Amino acid sequence: MKDNCCGNSDKKESFGNVSHLKPFAFTTVMQNKKEEAACCGPPPGPECVRFARPGYEICRFIEEFIDTAAGSVPKIRTKLSMADRLMSVLARFGIGRNSYGIAPGIYCAGSPSADSPVLVTANYKLTFDALRKELSSVDAWILVIDTRGINVWCAAGKGLFSTEEVVKRVKISGLDKVVSHRELILPQLSATGVSAIDVKKRSGFKVVWGPIRANDIKIFIDAGMKADEPMRRVTFTILERFVLVPVELSFLVKPSLFILIGIFLLSGIGTEIFSLKDAWSRGIMAVFAYAAGILSGAIVVPVILQWLPGKAFSVKGAITGTIAAFFVVMTLKDVTNMWELTALFLCVTAVSSYLGMNFTGSTPYTSPSGVEKEMRKAIPVQALAGLASIVLWIGAAFIR
Amino acid sequence: MQDFRYLYDVSTLSFNLEACIGCGMCEIVCPHGVFKVENKKAGVVDKNGCMECGACAKNCPTQAIGVTPGVGCASYIIQTWIKGKDGNSCGIAKCC
């Protein structure tokens, strides 16, 4: 017991005495912990890992570093930690979502050799984690390219997961020194931004199109780089749709603040020019209708999407909106009049139809030509319904 | 994905059978099974399944496929209506 930093010596001596009085187990524990017994604060943290470098922080998903001809390469952990899961959930809610990238370059999983496959992926942490957790029994190199923290498909659509970036990253990383073969496995969905022929021409690496989903990667590799048809088709399961809802809602927070202010201002207009009492009592009804529109268009539409009639999303939104509007009217019918009820009905339906239409951006099957066609028809109708709703709402205050 | 069908007869996809060499790249990259290769020639088997992602055209070695690629996103299209297509890209602007 030499580590007396701030404890008092009396206390230390008393341990010897106490041990006679306390149960045996207690003294054993104390004796084992002797060397690290902390006198003030919690015990010290672990020793610094040997690969620590001044100015760098080691990502928690890195297990160790291995030496290659292109320098040291981090080896990833294939198990997601609680922190990884928590950060993923937050990103799904739009929190930290725009700064959730990892450093591009070569990583590895398992104990890869010069013959091991190279998996190319985006540097969005959510994407990287989805791949990482599938590699528990795979020996592979992972080339993370800089897609500015955006997932594979969206980055490909935006021209970030591109031929240029793949070629550039292959060159910068020195991949040709790490592997003896000349083959890259790219996620199929990156084909929107990457030309396999051009990558081959410019980097010497042949592109093999891997499966769409990371959880097929092991089967794909084991099958000798072959994907069956289901691996090559996008899906849009209820779970895949459900996880999109929070981020859809997070986009609505800012515009909704302005809309709420607008609602209360419009609700106060009346025969007294502006009545604070009306702004509150009528405003709360309009907010209820607006919330019903959000629930219907941004939550119900995505979740029950394929069971809703119609192909156009604005139509699907208008259908759920009509049902939601009916509930709003039934709830409020005893406290207001026909004019206001009509205004609220139109408000719910228009908001729901618009938000339903907005969900097109989150689906994996809507074509821009189709969305544009739908919008040219739907937006005038939605705008007219919205305008009629506002006119009726203001007018109702003068009719009472 | 047969449960999820979007508007019909809108896709800008075009295919030139003569230029096709039957390499099968389009069949591999298409996430919706729009192409099928038979007798060393590709063919469009489900044009209404096309979402105009542009992967096929980008990877066709003989430019036999034409499509105006884009993102089927209402917010993005509204932005292009307001600001024009130049200098406005999905995600880089205040979209998603």
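Here are a few worked exercises on a predicted model with chains A and B.

**Exercise 1. Which pattern does chain B follow along the sequence, and how much of chain B is buried?**

Solution.
- Start with the elements: chain B holds 3 helices and 4 strands.
- Next, put them in order: reading along the sequence gives β-α-β-β-α-β-α.
- Then look at burial: of the 96 residues in chain B, 42% are buried.
- Finally, take the contacts in chain B with a separation of 6 or more: 40% of them join residues 24 or more positions apart.

**Exercise 2. Describe the side of chain B that touches chain A**.

Solution.
- Count the residues on each side: chain B brings 36 residues to the contact, and chain A brings 37.
- Now find the elements of chain B that give two or more residues: these are helix H1 (25-29), helix H2 (55-59) and helix H3 (74-83).
- Rank them: H3(B) provides the largest share, with 4 residues.
- Sort the residues on this side of chain B by character: 21 are nonpolar, 11 are polar and 4 are charged.

**Exercise 3. What span should helix H13 of chain A have, and what covers its buried residues?**

Solution.
- Work out the expected span: helix H13 (residues 313-332) of chain A has 20 residues, and the rise is 1.5 Å a residue. The rise is multiplied by one less than the number of residues, so the helix should span 28 Å.
- Check against the model: the end C-alpha atoms of H13(A) are 28 Å apart, in agreement with the expected value.
- List some buried residues: among them are Phe313(A), Lys316(A), Ile319(A), Ala324(A) and Val328(A).
- Look for their cover: it includes helix H12 (276-303), helix H14 (338-358) and helix H15 (368-399) of chain A.

**Exercise 4. Which unit do E6(A), H8(A) and E7(A) make?**

Solution.
- Begin with strand E6 (residues 183-187) of chain A: 4 of its 5 residues are buried.
- Move to its pairing: E6(A) and strand E7 (residues 206-210) of chain A run parallel, joined by 5 bridges. One example is Pro187(A), whose bridge partner in E7(A) is Gly210(A).
- Add the helix: with helix H8 (residues 196-203) of chain A, the two strands E6(A) and E7(A) form a right-handed β-α-β unit.

**Exercise 5. Where in chain A does pLDDT stay under 50?**

Solution.
- Take the overall score: the average pLDDT of chain A is 90, and 90% of the residues reach at least 70.
- Then find the stretch: pLDDT stays under 50 over residues 1-34 of chain A.
- Last, check the contacts of that stretch: the model has 15 beyond four places in sequence.

Key:
Residues are numbered from 1 along each chain as its sequence is written. Chains are lettered from A and ligands numbered from 1 in the order in which they are written. This is a predicted model: local features need pLDDT of at least 70, side-chain atom pairs count only at pLDDT 80 or more; totals for chains, interfaces and linings use all residues. A residue is buried if 20 or more other C-beta atoms lie within 10 Å of its own, exposed if 12 or fewer, and partly exposed in between; C-beta atoms are placed from the backbone. Two residues are in contact if their C-beta atoms, placed from the backbone, lie within 7 Å. Ala, Val, Leu, Ile, Met, Phe, Trp, Tyr, Cys and Pro count as nonpolar, Asp, Glu, Lys and Arg as charged, and the others, Gly among them, as polar. Two strands pair if DSSP finds at least two bridges between them. A crossover is right-handed if, with the strands pointing away from the viewer, the path from the first strand over the helix to the second runs clockwise. pLDDT is the predictor's confidence in each residue, from 0 to 100.
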